[in-house]
Amino acid sequence: MSDITLLTASEMVSQMRAGQLSCKELCQAFLNKLEKQKGLNSFLTIAPEKVLARAEEAQAKIKAGSKEALLGIPVAVKDMILTKDLKTTCASKILENFIPPYTATCVNNLESRGAVVLGKTNMDEFAMGSSNENSAFGSVKNPWNPECVPGGSSGGSAVAVAARLAPLALGTDTGGSVRQPASFCGIAGMKPTYGRVSRYGVVAFASSLDQVGGFATNVRDLALLMSAVSGHDPMDSTSVKVDVPDFSALLGQDIKGLRLGMPKEYFIEGLSSEVKACIEAALKQLEKLGAKLVEVSLPNTELAVATYYILAPAEASSNLARYDGIRYGHRAKGTHELEELYEVSRSEGFGEEVKRRIMIGTYVLSSGYFDAYYLRAQKVRTLIANDFRTAFAKHCDLIVCPTAPTTAFKIGEKSSDPLAMYLNDIFTIPVNLAGLPGMSIPCGFDQKGLPVGLQLIGKPWDEAGLLKTAYAYESETDWHKRLPKIH
Amino acid sequence: MEYETVIGLEVHVQLATHSKIFCGSSAAFGAEPNENVDPLTFGLPGSLPVLNWSVVEFAIMLGLAMNCEIRKFNRFARKHYFYPDLPKGYQISQFEEPICERGSLRVPIEDAVRTIGIKRIHMEEDAGKNIHDSRTQSSLVDLNRAGVPLLEVVSEPDIRSPAEAGAYMRTVRQLVRWLGISDGNMEEGSLRCDANISLRPSGSLKFGTRTEIKNLNSFKFVEQALEYEIARQMSLLKSGKEVIQQTLTFDSATGATSPLRSKEESSDYRYFPDPDLPPLVIEERSIHEIQEKMPKLPEAWYKELVEVYGLSAYDAAVLTAERSFVEYFREVFEISSNAKLACNWVTSELFGLLKKAGLEIHKSPIKPRDLGTLVKLIDSEAISGKMGKLVFEEMFASGEAPQTIIDRKGLKQITGEDQIVAIIKQAFEKNPGQLAEYVGGNDRLHPFFVGQVMKLSSGTANPKRVNDLITREINKLRGAA
């Protein structure tokens with residue numbers, strides 16, 4: 001194979017260690033490719049000098065015999081995650097020129113394991129969106145069909161990996177923002193258990209739902225990435241003190257007897273027949289591998305989207321209050337009074353969808369409405385979490401279902417209808433509400449050649465189990481080996 | 001018609017923790033502007049709060065000292081409003097679940113003690129400071145104070161006069177200083193107060209319409225503002241008008257209250273539980289551990305000083321004004337074993353010199369053990385009170401132990417009979433004329449010889465012994481004649 005950008009991260013590591021490949025050569029290859037694929041608009045900031053400087057450091061370490069898991073591996077990072085001295089915008093005008101003075105823990109974790117940050121990826125503004133059309137810096141294009149969306153909100157990261165512009169990428173997932181774009185782009189993506197990865201230095205959208213996740217072209221690489229970012233962080237009070245096992249440890253083990261739950265509420269009207277067919281085929285494949293399929297019920301599923309669109313905007317309206325034009329970020333010119341400064345700065349700085357959610361959130365938290373919306377939604381959230389708890393306690397070890405009801409849709413197709421857009425996250429949102437680990441892996445293509453994703457949902461802290469199952473499936477299929485036409 | 005005054009106070013106590021409530025920046029007062037900041041204080045994206053456990057300990061200590069129930073399951077809430085000194089756009093506070101509830105505080109007022117109910121105590125973070133620069137017509141923001149921990153102590157509407165309000169504030173200040181949880185320094189804003197006040201016809205159980213006076217930062221202003229507000233509300237009510245429920249500010253220059261702009265008070269704070277902070281669960285064990293660590297409280301000390309140590313109410317009150325006073329006294333007492341004498345030396349002599357030197361008691365050049373030794377020497381008549389004072393002053397100046405000074409200056413009292421008689425004989429020899437007169441029957445010369453002996457001994461002879469022995473020696477001479 002001559003194109004080194006098509007190697008897996010694991011292959012890159014071993015070739016670099018064997019001296020067959022230099023880190024600088026690898027990084028340069030990706031930088032060149034990035035330049036060529038600018039049209040996908042997947043990156044917002046790239047600092048080639050920094051990348052090459054880091055690459056040289058990594059190369060020196062490799063020579064010295066260092067064995068960090070990700071030594072020399074370029075990683076793309078969603079622009080929602082702070083990187084010291086490297087612009088971090090959240091794809092928003094309000095942070096257009098924001099250069100963070102500190103680095104997020106998850107990025108520190110990657111760098112301490114040798115990874116090289118390649119650049120910052122495009123996204124829906126403040127991670128609010130399912131199509132990447134909400135970026136202040138232009139839509140991201142799906143490499144399988146540039147007229148289609150890549151999904152969102154971590155669309156830039158998904159495209160970076162799908163187009164092999166980076167072997168690995170970090171995203172954030174609040175309601176499906178890693179899994180849904182992974183599904184739309186035909187790659188593997190994981191959102192770990194809430195509390196698994198530190199949120200310190202990750203710009204908050206909805207604090208109780210946000211979790212850093214990762215993208216890779218294959219399950220083994222994803223396990224490598226997720227092991228590296230995970231771990232308790234004293235700087236994040238919601239990060240949990242649990243051991244991080246080597247997520248790769250179970251890869252290759254068989255899945256005989258594993259009980260896979262199929263939630264009947266997920267195989268419903270609105271699920272595209274092509275997606276359904278791919279999922280059913282995948283389930284058969286899993287059954288062939290020895291897993292047992294059982295039907296389970298998650299009766300409160302239909303309430304999830306409504307619940308999410310109360311809780312997430314409520315937290316967002318609060319988290320985004322700090323962008324006031326006073327200390328950093330966009331400040332309107334020519335204002336005379338404080339109130340005016342706030343109003344104009346925020347009106348100019350935030351995009352439509354962000355404003356819509358701030359308004360929804362402000363409304364549901366207002367006195368007089370708080371009980372009817374926020375408190376009630378919290379109760380329903382508990383019910384949704386209990387649905388999963390019951391299913392896992394009584395019926396299954398994992399849940400399998402579609403990641404999204406459709407494949408990638410056309411840019412502009414749903415952008416005028418927020419509700420239709422919101423429903424795209426119907427299968428991913430409940431997982432965030434319950435704080436569970438979930439992942440998406442490619443399981444087929446529709447007739448238009450667009451990828452379909454299979455979602456696996458696990459018990460808390462069972463990332464290794466998810467990865468094991470996904471790996472077993474992946475080993476028997478070659479969906480993940482298909483490349484988009486740009487190659 | 002007679003009216004009764006109903007007052008409730010919300011006191012903000014700034015805690016003396018090393019670091020801020022949710023981050024590692026220093027909570028100290030007086031740094032250069034924006035020196036004590038970090039990503040969280042600055043409200044940077046991605047920053048997260050981590051609770052400082054000292055704040056919880058301090059809150060529990062105050063709660064226990066105020067007889068409150070301590071909540072086991074606590075949550076922090078976000079309180080939203082936009083202001084440049086509030087970097088996150090919300091303040092992290094407690095709303096429906098304060099850490100302490102349903103307590104009381106016994107407040108000495110003149111000769112009586114009033115019990116004021118404590119509705120709640122909750123933890124929260126302070127805001128920064130906006131400073132308006134009139135020269136450049138711009139506003140500057142200093143975030144050093146942002147995130148400094150506060151306890152908000154909310155009283156029940158049990159206070160009935162401005163004097164009681166002042167006494168309550170003083171008692172709160174005494175208590176927080178006593179517990180070592182705040183310096184209670186009102187000039188630096190460590191203790192601030194909002195006062196709710198209303199009037200109602202005497203005997204009525206229904207509350208009248210109240211007004212709230214914000215941000216009173218001295219005992220004097222609390223009392224002045226309330227006096228003004230009582231008079232204002234009274235004249236409204238007496239002329240048949242209504243009091244409007246509003247938030248007021250007090251101008252210390254004019255002594256008057258005036259309404260804040262309505263915009264500033266009509267906020268909907270949109271409280272909701274802070275999702276960045278998991279619920280704070282306080283175990284019974286932690287409460288016990290804190291209880292064990294608590295110092296004996298001023299009221300218990302006061303009682304003990306009067307009943308066990310036999311001090312006057314006045315002395316007991318002086319000594320319990322600060323924990324450092326009573327602790328100093330106790331050490332002096334432990335060495336000297338004379339409570340009254342120890343108290344006098346501490347409260348009049350030592351406090352006098354400290355005040356003159358502008359020193360706090362913990363900076364006293366005289367260590368309590370040394371003062372104890374001095375008091376013991378005086379009490380056992382090893383040195384005279386007069387000598388004691390000289391030694392004391394020397395101790396204050398040099399920081400030396402009393403014995404060192406006594407030895408160096410040869411100030412040890414002469415009590416031995418032979419030594420004193422020898423000096424008496426010396427005095428007799430030097431004053432033969434007066435001696436003859438004295439022996440001859442003129443007893444009025446007795447003090448003259450006492451003075452002579454004291455002079456010859458440089459004041460070190462025990463005056464009582466001198467007194468007795470002169471009489472004995474004169475009688476001997478009279479007998480011989």
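Where in chain B is the place of Gly43(B)? You'll find Gly43(B) in a loop, the one that runs between strand 1 (3–14) and helix 1 (53–65) of chain B. Keep in mind for every view below that this is a predicted model.

**View 1. Gly43(B) and the residues around it.** Is Gly43(B) buried or exposed? Gly43(B) counts as buried because 24 other C-beta atoms lie within 10 Å, and 20 or more is what it takes. Now look for its partners, skipping the neighbours within four places in sequence: Gly43(B) is in contact with Pro87(B) and Lys88(B) from chain B, and with Arg322(A) and Arg327(A) from chain A. For a sense of distance, try Glu10(B), which sits 33 residues away from Gly43(B) along the chain. The C-alpha atoms of Gly43(B) and Glu10(B) are separated by 27 Å.

**View 2. Chain A where it touches chain B.** Chain A puts 29 residues into this contact, and chain B puts in 25 residues. On the chain A side, helix 9 and helix 11 each bring at least two residues. Which helix of chain A gives the most to that side? That's helix 9 of chain A, with three residues. Sort the chain A side by class and you get 14 nonpolar, nine polar and six charged residues.

**View 3. Helix 9 crossing helix 11 in chain A.** Here are those two helices again, this time with each other: helix 9 covers residues 304–319 of chain A and helix 11 covers residues 352–365 of chain A. Their axes come within 7 Å and cross at roughly 100°. Angles from 65 to 115 degrees count as roughly perpendicular, so helix 9 of chain A is roughly perpendicular to helix 11 of chain A. To trace the contact, pick out residues of helix 9 of chain A, including Tyr309(A), Ile310(A) and Pro313(A), and then residues of helix 11 of chain A, including Arg357(A), Ile358(A) and Leu365(A). The contact of helix 9 of chain A with helix 11 of chain A holds nine nonpolar, three polar and one charged residues.

**View 4. Two domains of chain A meeting.** Chain A is assigned domain 1 (4–257 + 401–481) and domain 2 (302–376). How far apart do the C-alpha centres of domain 1 of chain A and domain 2 of chain A lie? They lie 27 Å apart. The contact draws 28 residues from domain 1 of chain A and 23 residues from domain 2 of chain A. Look at the domain 1 side for helix 13 (418–423) and helix 14 (429–434) of chain A, since each is easy to place: each supplies at least two residues there. That side of domain 1 of chain A breaks down into 17 nonpolar, seven polar and four charged residues.

**View 5. Stepping back to chain B.** Count along chain B and there are 15 helices and 16 strands. The chain splits into domain 1 (3–286), domain 2 (296–409) and domain 3 (417–480). The C-alpha centres of domain 2 of chain B and domain 3 of chain B are 35 Å apart. Picture a box around the C-alpha atoms of chain B, set along the principal axes: roughly 105 × 60 × 55 Å. The radius of gyration of chain B is 31 Å, while a compact globule of 481 residues would have one near 23 Å. Of the 481 residues in chain B, 40% are buried.

How values were computed: Residues are numbered from 1 along each chain as its sequence is written. Chains are lettered from A and ligands numbered from 1 in the order in which they are written. This is a predicted model: local features need pLDDT of at least 70, side-chain atom pairs count only at pLDDT 80 or more; totals for chains, interfaces and linings use all residues. Axes are lines fitted to C-alpha atoms, for helices over the stretch in contact, and angles run from 0 to 180 degrees between N-to-C directions. Helices (H or I, at least four residues) and strands (E, at least two) are DSSP runs, numbered from the N terminus. Angles under 35 degrees count as roughly parallel, over 145 as roughly antiparallel, 65 to 115 as roughly perpendicular and the rest as oblique. Two residues are in contact if their C-beta atoms, placed from the backbone, lie within 7 Å. Ala, Val, Leu, Ile, Met, Phe, Trp, Tyr, Cys and Pro count as nonpolar, Asp, Glu, Lys and Arg as charged, and the others, Gly among them, as polar. Domain bounds come from an automatic or database domain assignment. The radius of gyration is taken over C-alpha atoms; the globule rule is 2.2 Å times the number of residues to the power 0.38. A residue is buried if 20 or more other C-beta atoms lie within 10 Å of its own, exposed if 12 or fewer, and partly exposed in between; C-beta atoms are placed from the backbone.
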